[in-house]
2 protein chains.
Amino acid sequence: LNTPTKLTLFLALSISMGTSAAKNWVVSERELPIPAGASGQLQQAIAEAGKPSVAARSFAPTSEKQWRELIAMRAVSSPLLLTELGASLNLSISRDEIAGVAVHQILPNKIKPQNKDRLFVYLHGGAYVFGGGDKSVREGALIASMSKIPAVSIDYRMPPDHPSPAAVDDVVAVYRELLKTHKPTAIAMGGTSAGGGLTLAVVHQIKSLGLPVPGALYLGTPWADLTTASDSLHTNEGIDRILVTHNGMLGACAQLYAAGEDLHNPLISPVYGDFSGFPPTYLVTGTRDMLLSDTARVHRKLRVAGVVADLNVYEGLSHAEYWMVTGSPEWQQTYEELAAFLLRHLAP
Amino acid sequence: LNTPTKLTLFLALSISMGTSAAKNWVVSERELPIPAGASGQLQQAIAEAGKPSVAARSFAPTSEKQWRELIAMRAVSSPLLLTELGASLNLSISRDEIAGVAVHQILPNKIKPQNKDRLFVYLHGGAYVFGGGDKSVREGALIASMSKIPAVSIDYRMPPDHPSPAAVDDVVAVYRELLKTHKPTAIAMGGTSAGGGLTLAVVHQIKSLGLPVPGALYLGTPWADLTTASDSLHTNEGIDRILVTHNGMLGACAQLYAAGEDLHNPLISPVYGDFSGFPPTYLVTGTRDMLLSDTARVHRKLRVAGVVADLNVYEGLSHAEYWMVTGSPEWQQTYEELAAFLLRHLAP
């Protein structure tokens, strides 16, 4: 029965041919269809955007002047934006300051009675360099609208003028102030990308200062590791149509934010911190996300630390697309489930 | 401030250059380091195995004779294997038959009192073609050992002699018989790869027959879609060192199992079924897994149907490696958390 045949010899040969001892693998080019298992809206967004080019996206500013130009170009602040956003989401948004830090107050027009003492502290994304000003409130306003919980969106300081740890310091200062009027267990904190990473870094810092942690966290594809350790930075390069590559803007932002500090510092790359005592956490990512690994690694560390942590991975979804493809099932499921998670875990 | 500069012109150009309207993207080759965020044991296993070759793995049998040779070559059945496995896991394993179907009874030497009426029904993997006989009990025995719950491992019929729906029929026949002595809510069901997919197909069938569903499910990187729709079949081709490619053995097994039936039939590709009324489900996969998408898609469908579903994704992990790299943190976390999940959700 088990006499070697042409077939068994072929298999033995293919096994020995099939491996090589190279430490870094060169993975060959592949053809990638539109993901058939994604929603129709997401498929359409991917088809319309077309294939991202790693080469074209490998650009990053090389001088402070270039950084400032780019930051200014991407920033949009206007009272009109806030008014329009508020009207579309049935809430009001106003600029404010807490503990000397610029914030936006987001107040749903209809707040459920059980939510009146609850608060969502929103931290915007943008690789710690972009996304400040009035634009920074958009996802926070959506979360406030879906959950009917008031929100404070923090317009934390950023480089080149204010690298790490200014962002962490700003959020902690606001949080300290909010603790005077809110139970910590009634406060949620979170955001997408750098906003998710910053949330984790802030909780590390809150713990080391002996302050009570919030009652729940939202980590939208958190930038939890600013080094290149995460596997999906490599596997999903050129596949994630939003981030495209680390070797350009993303890596440059990491350096600008860290300003010479070791990227393994848990206040910069919070995946390297201790996750014991963290509150219940909702996590979202996608199979094409370059931060799939950041999200999965944080989820695992939370679970090993005994924390309630709920990981959700969307088919064919690039970095933060659940937020970008407005109205898609991926968008709807994310913010509806997040709202339900907050209502379940926050103290009234 | 916003006057066009060389920088803004460069960016505008790179955005227009960065996209193309091609429907299928050709993603270029990339260099892949050993995943630094995986455990030391997993990193070592990956380094020792070396780079998988898509070309070498694109082989599949082309005749019934070749299939039978390969199946026979891969099968190992011996009483010694069962004795050794039982001794190493502190349990006893015996061959048996339920409702005319070959099974193995797995009895932990120490069963917790609250587990005496509970049962884990284990369905082995092997792409619906391989993995039968005494070898089929190994993961089921591990689950019984870790959870201290008795298990029945079903050696369901397989092609070429018995294609779909023989496997589903066998498991349903055994389940019907087990319902005479067990509460459905005290029965868990699950397995890895085809075992996970078969679990889902069986629950679809149980529902359509009007039988009560089990109390909990375990889906280890379930083969839930036998078509090529899942995105990670494409993104992780040549990266997943276990499956390597769909274009060979895996696709051939799908055809052999379906035997001419539409692969979209939910009893063959259960991701296309209706997930309402499914019991609490524990899911495991990895960032390099070619069935990452199958697992994530099933998780989403379960959640949208209101089912308790717990998704866990391991960094740098290929298909079913949590089971293969014995003793690794990935292995330990998977089976310890699964045991805790079963004890939490199964009726006593």
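Sheet and two-fold relation in a predicted model

100% of the interface residues of chain A are also interface residues in chain B, so the copies meet through the same surface (contact means heavy atoms within 4.5 Å). This is a predicted model, in which local features need pLDDT of at least 70, side-chain atom pairs count only at pLDDT 80 or more, and totals for chains, interfaces and linings use all residues. Residues are numbered from 1 along each chain as its sequence is written, and chains are lettered from A.

Q: What makes the relation of chain A to chain B that of a two-fold axis?
A: Two copies of a chain are related by a rotation about an axis and a shift along it. Chain A can be laid on chain B by a turn of 180° and a shift of 0.0 Å along the axis, with an RMSD of 0.0 Å; the superposition is by least squares on the C-alpha atoms of residues with pLDDT of at least 70 in both. That is therefore the relation of a two-fold axis.

Q: Why are β3 and β10 of chain A called edge strands?
A: Strands are DSSP runs of E, at least two residues long, and helices are runs of H or I, at least four; two strands pair if DSSP finds at least two bridges between them. β3 (91–98) and β10 (309–314) of chain A each pair on one side only. The open sheet of 8 strands has the order β3-β4-β6-β5-β7-β8-β9-β10.

Q: How do you know that β3(A) pairs with β4 of chain A?
A: 8 bridges join the two, which run antiparallel, against the at least two that pairing takes.

Technical notes:
Heavy atoms only, no water.
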